[in-house]
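Welcome! Here are some short exercises for getting to know a protein model, each followed by a worked solution. Have a try at each task before you read on.

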Amino acid sequence: MSENINTAYDAAIEYLKTSPMFNLSLSSKELFHSNFLYWIWKLDSNAFKRLMATLLDVETKELGWGGEWEVVREYNSFDLCVKRCDKESYDEKTSVRKIRYGDVLLVIENKVKSIPYKAQLKKYVDKVNELYGKRRKGDAGNVKYILLTLPTHFPNAPKEISSKDKNSTIDNWEIVTYEKYIKILKELKISSSDGLDEQTKVYASKIIDDYIKFVEHLLVIYQVWTVRCYDKLGFIYYKDQKQPCGAYIGYITDAQNLRIHDLFHKSKYARICADIISRFGGENINIDGYEVGINLTDKAVCKYLEEEGNKKKGCIVWEYNYTHGEPLVGVKIARRDKDDNLITYIIQVQSGVYEHGVIADHSKLKGCEGVKAEKLWDYIRNKSTDNIFSVGGYPWLRCEDFADDATKDFNPLSNQNVVLKSAIFDESPLYPEYKKQKDTLPYAKYASDNSNTAMIYQFRKLKTEVKTEDLIDYIITDVKKLLGGLNNQQ
């Protein structure tokens, strides 16, 4: 990137450090930006209507907002929506107000620090359809949906989403980038149609200008991160060292100082997940019979596969997340074994390690002794080669290359102390180190939701400078091996 971009980035960092508007926005994330739109409506309803029409690339009359309408926040869990001003009835017996449903005209989902995902967007459309089903089902098709997003690389995102002026779509949703939104906001004229005096209009214009400037500077920073901070994983946090290391630490430090490091990590790891899904889709892998999803919980997967009449043989769940202050990316594959035990195999990258694990509801495992994770460990020992859980001969909990090319005669099970180098690992040992004679258990933990879910896992440290492309290759290879092994077990 040019020196001018460097200068723009440095200037954006310095501007945001002292911007009152930016610092006020940090306490409520997306809610702040939704509140700003709500304030625009309170200031000048006609200006708000023009803004929405321009974002949707239509004339104001095409919105179909006849009669009285209003903007409401957190209505039926929507960030922001426009609804008809239908009166609420009052039940005197229960002292409860009954909202008349079926009155939604526009739904706005606002994504600044968090990442959009299709399942959530579908849930909102289903909710609108349900509300209209109580009253005027045919009108549900007239509702418009805006996804206002700062991140532009995420799973299910159309490739053309980076277009500055033209909207792309996800199902019913018009995807509007913050870059386009701010460009339109610059041209918005606040009038006196709602009785504003001149002094109020001047003050309001200054607030809007301040908001525009802070978002413009935020966009500069985000775009630099997008271009410069992807080639390497770039965030390795070894807990025993108590500090981050690797590439992009300068950028990460900038993000931390501005308290937007979650935006840095969430957007990057969502992009990694999107690229993994894209690569996997191009590998021509047979996944007939599998349900495929994104960010589904273990409980949701289990419930889905246990539904009566469900003929799916398993689930593949791609994940990107941000937990305990650190980003995560990976995949879970849930599948029943020949004894009808539902087992979930996981690959996760977080905290500078590459992790393999096995998850199950320990209360439902058949033919196993012990309790909780010990019961799962008993299952693993009974189903394994040399007490290392294997899938089609693949030592799943080992997290490493094996029997490949020049090392084809190498058996990781026969020599536990030897660890192969690879594109993503150094010669770091497996954690915890497996010692057959002592029968050391891998790490174990239990779900925090009071369910009977237990997980056993092992991991290896990643190279500090691991390349994102190499990591994606490794995950795809692992998934292919796992699916192949599972198919051979049936």
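**Exercise 1. Find out how accessible K17 and E14 are, and describe how their side chains meet.**

Step 1. K17 has a relative accessible area of 42%, so it is partly exposed; here buried means under 20% relative accessible area, exposed over 50%, and partly exposed in between, with a 1.4 Å probe and protein chains only.

Step 2. E14 counts as partly exposed too, because its relative accessibility is 47%.

Step 3. The two side chains form a salt bridge of 3.2 Å, N to O. The term stands for a side-chain nitrogen of Lys or Arg within 4 Å of a carboxyl oxygen of Asp or Glu.

Step 4. Both residues belong to helix 1 (residues 3–18), where they sit three residues apart, about one turn of the helix. Helices (H or I, at least four residues) and strands (E, at least two) are DSSP runs, numbered from the N terminus.

Two notes before you go on. This is a predicted model, in which local features need pLDDT of at least 70 and side-chain atom pairs count only at pLDDT 80 or more, while totals for chains, interfaces and linings use all residues. Residues are numbered from 1 along each chain as its sequence is written, and side-chain values use heavy atoms, with hydrogens and water left out.

**Exercise 2. Look at further salt bridges, starting with K186 and E216.**

Step 1. The side chains of K186 and E216 pair in a salt bridge of 2.6 Å, N to O. This pair links distant parts of the chain, with K186 in helix 6 (residues 178–187) and E216 in helix 7 (residues 198–228), 30 residues apart.

Step 2. K186 has a relative accessible area of 46%, so it is partly exposed. E216 is partly exposed as well, because its value is 28%.

Step 3. R279 and E283 also meet through their side chains, in a salt bridge of 3.3 Å, N to O. R279 counts as partly exposed because its relative accessibility is 30%, and E283 does so because its own is 27%.

Step 4. Salt bridges with shared partners tie E306, R336, D340, K364 and K366 into one network.

Step 5. How many salt bridges does a search of the whole structure find? The search finds 19.

**Exercise 3. Work out what surrounds the side chain of D361.**

Step 1. Locate D361 in strand 15 (residues 353–361).

Step 2. D361 is buried yet has no salt bridge. The nearest side chain of opposite charge is K364, 4.0 Å away; Lys and Arg count as positive and Asp and Glu as negative, while His and the chain ends are not counted.

Step 3. Which side chain does a polar contact join to that of D361? S363, at 2.5 Å. A polar contact is a pair of N or O atoms within 3.5 Å; within protein, one must be able to donate a hydrogen and the other to accept it, and residues adjacent in sequence count only if both atoms are side-chain atoms.

**Exercise 4. Follow two residues to partners far along the chain.**

Step 1. D478, in helix 12 (residues 468–489), has a relative accessible area of 1%, so it is buried. Its C-alpha atom is separated by 9.8 Å from that of H356, 122 residues apart along the chain.

Step 2. V349, in strand 14 (residues 342–350), is buried because its relative accessible area is 1%. V349 and L462 are 113 residues apart in sequence, and 9.0 Å apart in space, C-alpha to C-alpha.

**Exercise 5. Compare the backbone angle phi of D57 and Y248 with the general rule.**

Step 1. Recall that most residues other than glycine have a negative phi.

Step 2. D57 has a positive phi, near 60 degrees. D57 is in the loop between helix 4 (45–55) and strand 1 (69–73), and it counts as partly exposed because its relative accessibility is 49%.

Step 3. Y248 is not a glycine, although its phi is positive at about 70 degrees. Its place is the loop between strand 10 (243–245) and helix 8 (249–257).

Step 4. Is Y248 buried or exposed? At 14% relative accessibility, Y248 counts as buried.
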